[in-house]
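Student: I would like a close look at a single part of this model, followed by a careful account of how the rest is arranged around it. Please take it in one connected answer, and tell me how far the coordinates can be trusted.

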Amino acid sequence: MTKTLNNKAWLFVLPVFGIVAFSAILPLMTVVNYSVQDTFGNNQFFWNGVGWFQDLLDPSTQLGERFFDALWRTLLFSAIILMIEVPLGIAVALAMPREGWGVAFCLVLMALPLLIPWNVVGTIWQVFARSDIGLLGWAVNRLGIDYNYTGDPLDAWVTIIIMDVWHWTSLVALLCYAGLKSIPDAYFQAARIDGASRWAVFRTIQLPKMRRVLLIAVLLRFMDSFMIYTEPFVLTGGGPGNATTFLSIDLVKLALGQFDLGKAAAMSLVYNLIIIAICWVFYTIMTNADAQRGRVQE
Amino acid sequence: MTGTVAIGPSETKVSAAPLAANKAVPRPRVNGRVVVMTLYLLFLMLPIYWLVNMSLKTNTEITSGLTLWPQEITFQNYVTIFTDASWYSGYINSLTYVLINTVLSISFALPAAYAFSRYRFLGDKHLFFWLLTNRMAPAAVFALPFFNLYSAIGLFDTPWAVALAHCLFNVPLAVWILEGFMSGVPREIDETAAIDGYSFPRFFIKIFMPLIASGIGVAAFFCFMFSWVELLLARTLTSVNAKPIAATMTRTVSAAGMDWGLLAAAGVLTIVPGALVIWFVRNYIAKGFALGRV
């Protein structure tokens with residue numbers, strides 16, 4: 001489908017541009033303003049140039065060390081949950097019932113965690129994983145494993161990862177299920193006639209058909225895990241120590257906790273630039289895939 | 001004709017009966033798909049079951065030992081929430097800003113999505129990408145500047161502040177979803193309507209919007225969802241009058257210790273609106289999560 005060139009279309013886009021610019025560009029200008037200044041309180045600001053950015057990007061300074069620690073932690077977290085959630089989501093999507101009442105039943109139950117407010121997710125797991133009143137913590141301790149997510153960094157990580165898998169795998173599964181459902185039956189019949197194995201069907205029919213939705217799933221999951229804040233904040237508060245202090249948590253600590261506006265603003269900008277860069281990579285891959293698909297269809 | 005049709009099934013039944021009997025010989029065959037699905041749903045439901053279980057217990061029972069179901073069911077926690085204005089007003093506040101946000105996002109996004117799906121224009125790709133980056137922007141970056149901005153324009157501690165702030169990520173998402181659904185509608189419909197003498201607004205409302213009704217429903221569902229689950233901005237932009245329920249929940253920590261039962265009951269009640277909304281869109285859920293792009 002070719003689109004016609006029409007610059008009047010801007011009139012349609014203008015309201016959206018206005019409202020998003022109001023809530024995106026205006027606040028970002030405040031951040032830029034803060035990021036080049038220093039304050040000693042009392043609303044007095046001093047020009048600081050690129051000082052904060054130099055500190056931030058130099059791991060040998062206190063601020064830089066803190067920033068890079070949080071950055072690696074966040075990247076590690078995103079990598080782990082992608083490695084678990086994507087294969088698990090595909091497996092669950094393949095295990096969906098084909099028809100009948102079971103479909104709606106599974107869909108509704110699967111979507112349920114997605115609509116729970118994020119701090120309630122944190123609360124649910126905080127309670128569930130406690131060793132005194134929580135089923136999970138109690139059961140694991142009964143098995144003879146010493147488990148305490150508020151004291152042990154590894155336990156805290158495991159709990160947060162399981163929580164995120166619980167919270168978000170359904171998103172990947174639902175996306176994949178949508179992709180699978182769009183495959184015409186004729187493909188499977190052809191595969192059966194050719195005597196294709198289950199694995200061959202998956203590799204050559206189902207996986208390529210899921211490529212597009214998987215891309216969306218990976219994009220959404222990566223971005224949302226990269227800016228995760230509420231759930232770990234409620235569950236561990238970034239602790240024990242700094243073990244689960246992800247970038248967002250560190251940023252809020254710096255901005256709203258210590259009111260170090262200059263440092264926090266510089267950190268926000270770098271954080272945002274990283275997000276935009278990664279987003280651009282995904283966007284390019286996605287639009288290229290679209291263009292290819294368009295060519296195939298023509 | 002009717003005679004043969006009537007005989008047909010009964011004949012097959014007779015011949016099928018011995019076969020079925022043969023098959024009924026116990027042959028333990030594990031269905032992998034059912035096992036995976038059951039285990040996964042069990043994993044999803046366990047923490048929720050535990051929350052519901054706790055909300056029906058008294059605090060003494062919760063802290064005195066682990067019980068798999070309430071020994072004596074109490075609804076006191078729920079009664080407290082429904083009778084105490086400081087509790088139930090939290091739900092009203094949350095629902096207010098969520099609904100304002102959903103209506104705003106959809107009405108702003110509809111024309112823009114149409115433009116993106118039908119026309120090329122100066123900077124369209126860059127604009128679309130810029131919108132997308134706002135969907136991905138971390139709320140933590142915006143918390144403080146939003147606080148300054150909405151205090152300055154006098155909207156602080158009103159549902160409007162939260163509703164407008166949530167537009168940051170919901171408007172781009174709505175544009176993205178609606179664009180996907182609109183691109184599935186053939187352009188010929190637009191052209192035919194124009195030839196038939198429909199003015200653009202009439203065409204859009206009378207013909208086009210019913211065609212993408214499911215898309216509008218899905219977009220509304222997602223706006224509802226992301227506005228309902230977000231807390232960082234909602235908490236930063238409110239203090240007393242528009243405080244969302246999720247922030248009210250922190251009240252259960254008091255000098256007397258944690259009121260676990262009340263906390264659990266409040267948690268269960270935050271799940272209910274989401275569950276209701278899912279029920280209404282259950283037939284579109286799969287396509288919706290693919291953002292109209294399958």
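Tutor: In chain A, 67% of the contacts with a separation of 6 or more are made by residues 24 or more positions apart. This is a predicted model, and chain A is the part I will take first. Its secondary structure consists of twelve helices and three strands, and its C-alpha trace spans about 75 × 65 × 35 Å along the principal axes. Of the 298 residues in chain A, 40% are buried. The mean pLDDT of chain A is 84, with 95% of its residues at 70 or more. Among its elements, strand β3 (residues 45-47) of chain A has the lowest mean, 72, while helix α3 (residues 62-94) of chain A has the highest, 91.

Next comes the face that chain A turns to its partner. The contact draws on 77 residues from chain A and 80 residues from chain B. On the side of chain A that touches chain B, helix α1 (residues 10-35) of chain A gives the most, with 13 residues, and that side divides by class into 61 nonpolar, 13 polar and three charged residues. There is also strand pairing between the chains, where strand β1 (residues 4-5) of chain A and strand β1 (residues 119-120) of chain B run in the parallel sense over two bridges. Within this pairing, A:Thr4 has B:Tyr119 as its bridge partner. For the complex, the predictor gives an ipTM of 0.84 and a pTM of 0.84.

Chain B, on the other side of the contact, carries a domain assignment of domain 1 (2-64) and domain 2 (84-289). Where these two domains of chain B touch, domain 1 supplies eight residues and domain 2 supplies seven residues. On the domain 1 side, α2 (32-55) and α3 (59-64) of chain B are the elements that give two or more residues, and the largest share, four residues, comes from α2(B). By class, this side of domain 1 of chain B has four nonpolar, three polar and one charged residues.

Two places in chain B repay a closer reading. Helix α11 (residues 213-229) of chain B has 17 residues, which at 1.5 Å a residue should span 24 Å, and because its end C-alpha atoms are 24 Å apart, the expected and modelled lengths agree. This helix, α11(B), is mostly covered, with twelve of its 17 residues buried, among them B:Gly215, B:Phe222 and B:Trp228. The other place is B:Asp157, in the loop between α7 (139-152) and α8 (159-183) of chain B, where the residue has a positive phi of about 65 degrees although it is not a glycine. B:Asp157 counts as partly exposed because it has 17 C-beta neighbours inside 10 Å, and 20 or more would be needed for a buried residue.

As for confidence, chain B averages a pLDDT of 81, and 84% of its residues score at least 70. Among the elements of chain B, helix α5 (residues 85-118) of chain B has the highest mean, 91, and helix α1 (residues 2-23) of chain B the lowest, 43. Over residues 1-23 of chain B the pLDDT is below 50, and this stretch has zero contacts in the model beyond near neighbours in sequence. Where pLDDT is low, the predicted coordinates should not be read in detail.

Note on methods:
Residues are numbered from 1 along each chain as its sequence is written. Chains are lettered from A and ligands numbered from 1 in the order in which they are written. This is a predicted model: local features need pLDDT of at least 70, side-chain atom pairs count only at pLDDT 80 or more; totals for chains, interfaces and linings use all residues. Ala, Val, Leu, Ile, Met, Phe, Trp, Tyr, Cys and Pro count as nonpolar, Asp, Glu, Lys and Arg as charged, and the others, Gly among them, as polar. Two strands pair if DSSP finds at least two bridges between them. Domain bounds come from an automatic or database domain assignment. The expected span of a helix is 1.5 Å times one less than its number of residues. pLDDT is the predictor's confidence in each residue, from 0 to 100.
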